[in-house]
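Biologist: Please take a close look at one part of this model, the nonpolar core, and then at the loops outside it. Plain terms will do.

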Amino acid sequence: MPVQRLNHAVLYVRDVSRSVAFYQEALGFRVVQAFPGAAFLQAEGSSNDHDLGLFQIGAQAGPSSAGRATVGLYHLAWEVDTLAELDRIATRLTEMNALVGASDHSTTKALYAKDPDGLEFEVSWLVPAGLLTDEILDGRAQIKPLDLAKELERYGAETRGGIGVSV
């Protein structure tokens, strides 16, 4: 049976309340279930039972060394449906001092941010399959800085993304 998609992610965090507040403010997630030391959040428009689980391990927890000294997860990526939404989230993450990068992967326009525990995540918009050209597909060989204003002009703020190269 082939995997269809990622259903949810679970993170260990220092402080569940702080992380819940961050993901609510940054990405509009809402709490669907919580108990002491844990919370389950759902993204707006999601049909998943939950999209993100958070488990508190305490303030004494050290930073993740994944990618520097140990193997481990690099980041999670959430997809938005329009470039207008990506732009709104870019502004929000900047205001929160959480935005750490923005890349143009040709078929994907991506923002990178870190949560209060320094765990990295991505928010991206995918060029819709109907707009993919050989030039766009060939462009995946090089990662460039994201010029969101240029992409908004090129594709339009409300063009629905998604599926992209996975068709």
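Modeller: What follows goes through the core and then two loop residues.

This is a predicted model, in which local features need pLDDT of at least 70 and side-chain atom pairs count only at pLDDT 80 or more, while totals for chains, interfaces and linings use all residues. Residues are numbered from 1 along each chain as its sequence is written, and side-chain values use heavy atoms, leaving out hydrogens and water.

The largest nonpolar core holds 35 residues. Such a core is a set of buried Ala, Val, Leu, Ile, Met, Phe, Trp, Tyr and Cys residues joined through side-chain atoms within 4.5 Å; buried means under 20% relative accessible area, exposed over 50%, and partly exposed in between, with a 1.4 Å probe and protein chains only. Tyr23, Leu27, Leu52, Leu86 and Phe121 have the most contacts inside this core. Helix H1 (residues 16–27) gives the most to the core, with six residues. Helices (H or I, at least four residues) and strands (E, at least two) are DSSP runs, numbered from the N terminus.

Beyond its neighbours within four places in sequence, Leu52 is in contact (heavy atoms within 4.5 Å) with residues including Tyr23, Phe29, Phe40 and Trp78.

Now the loops. Most residues other than glycine have a negative phi. Asn97, between helix H2 (83–95) and strand E6 (99–104), has a positive phi, near 55 degrees. Ser106, in the loop between E6 and strand E7 (108–114), also has a positive phi, near 75 degrees. Asn97 is exposed, at 73% relative accessible area, whereas Ser106 counts as buried, at 10%.
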